[in-house]
Amino acid sequence: MSMKNEIAIKGTMNSDNLADILQDLANSIRDKKVCIERGSEFVTLNPSVNIEVEIEARKKKDKEKLSIELSWRQVEKIEEEEEGFSISSSEPEMEAPLPANEPAGTEESTQV
């Protein structure tokens, strides 16, 4: 079995078969693994948690068109590992304690 990075499928099918394929696609996205195969060729995709969606519907005279595009990046896993974590040989600088004559909660702060 050979593995390709791309499979393009274009053709005509009846609406019942298409509905079955779309249901299989939805189930595969839920499982976070979409494998599209035709003959001995296949492409396996691993959808991330956040998926970019573009839906376009058009109607022109007797022709109607619905386009759905889904895309995602696998970078999310790396970002999760790096978030809030560092290693160094120096201790972080601590904020200076409030002066004894100033009660807590009266200093001004700026949030960014």
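**View 1. Helix α1 in a predicted model, checked end to end.** Helix α1 covers residues 15-30, and at 1.5 Å a residue its 16 residues should span 22 Å. The end C-alpha atoms of α1 are 23 Å apart, so the expectation and the model agree. Keep in mind, as you look, that this model is predicted.

**View 2. The two ends of α1.** At the N-terminal end, N14 acts as the cap of α1. Look for a side-chain oxygen of N14, which lies 3.0 Å from the backbone nitrogen of D16. Now move to the other end: just after α1, K32 has a positive phi of about 65°.

**View 3. The largest pocket and its lining.** This pocket holds about 1,500 Å³ of space. It is lined by 27 residues, and those closest to its centre are I9, I21, L22, L25 and I36. Two or more lining residues come from each of α1, β2 (34-38), β3 and β5 (63-71). Here we meet our helix again: α1 gives the most to this lining, with seven residues. Sorted by class, the lining of the largest pocket has 18 nonpolar, four polar and five charged residues.

**View 4. S48 in its loop.** You will find S48 in the loop between β3 (41-45) and β4 (52-60). Is S48 buried or exposed? With a relative accessible area of 9%, S48 falls under the 20% cut-off, so S48 counts as buried. A polar atom of the S48 side chain also has a partner to spot: the backbone oxygen of N50, 2.9 Å away.

Conventions
Residues are numbered from 1 along each chain as its sequence is written. This is a predicted model: local features need pLDDT of at least 70, side-chain atom pairs count only at pLDDT 80 or more; totals for chains, interfaces and linings use all residues. Side-chain values use heavy atoms; hydrogens and water are left out. Helices (H or I, at least four residues) and strands (E, at least two) are DSSP runs, numbered from the N terminus. Buried means under 20% relative accessible area, exposed over 50%, partly exposed in between (1.4 Å probe, protein chains only). A polar contact is a pair of N or O atoms within 3.5 Å; within protein, one must be able to donate a hydrogen and the other to accept it, and residues adjacent in sequence count only if both atoms are side-chain atoms. The expected span of a helix is 1.5 Å times one less than its number of residues. On a 1 Å grid over the protein atoms alone, a cavity is a set of points where a 1.4 Å probe fits but cannot get out, and a pocket is an open set with protein on both sides within 12 Å along at least five of seven lines; lining residues have an atom within 4 Å of a point. Grid points are joined across faces, edges and corners, and a volume is the space filled by probe spheres set on the points. Ala, Val, Leu, Ile, Met, Phe, Trp, Tyr, Cys and Pro count as nonpolar, Asp, Glu, Lys and Arg as charged, and the others, Gly among them, as polar.
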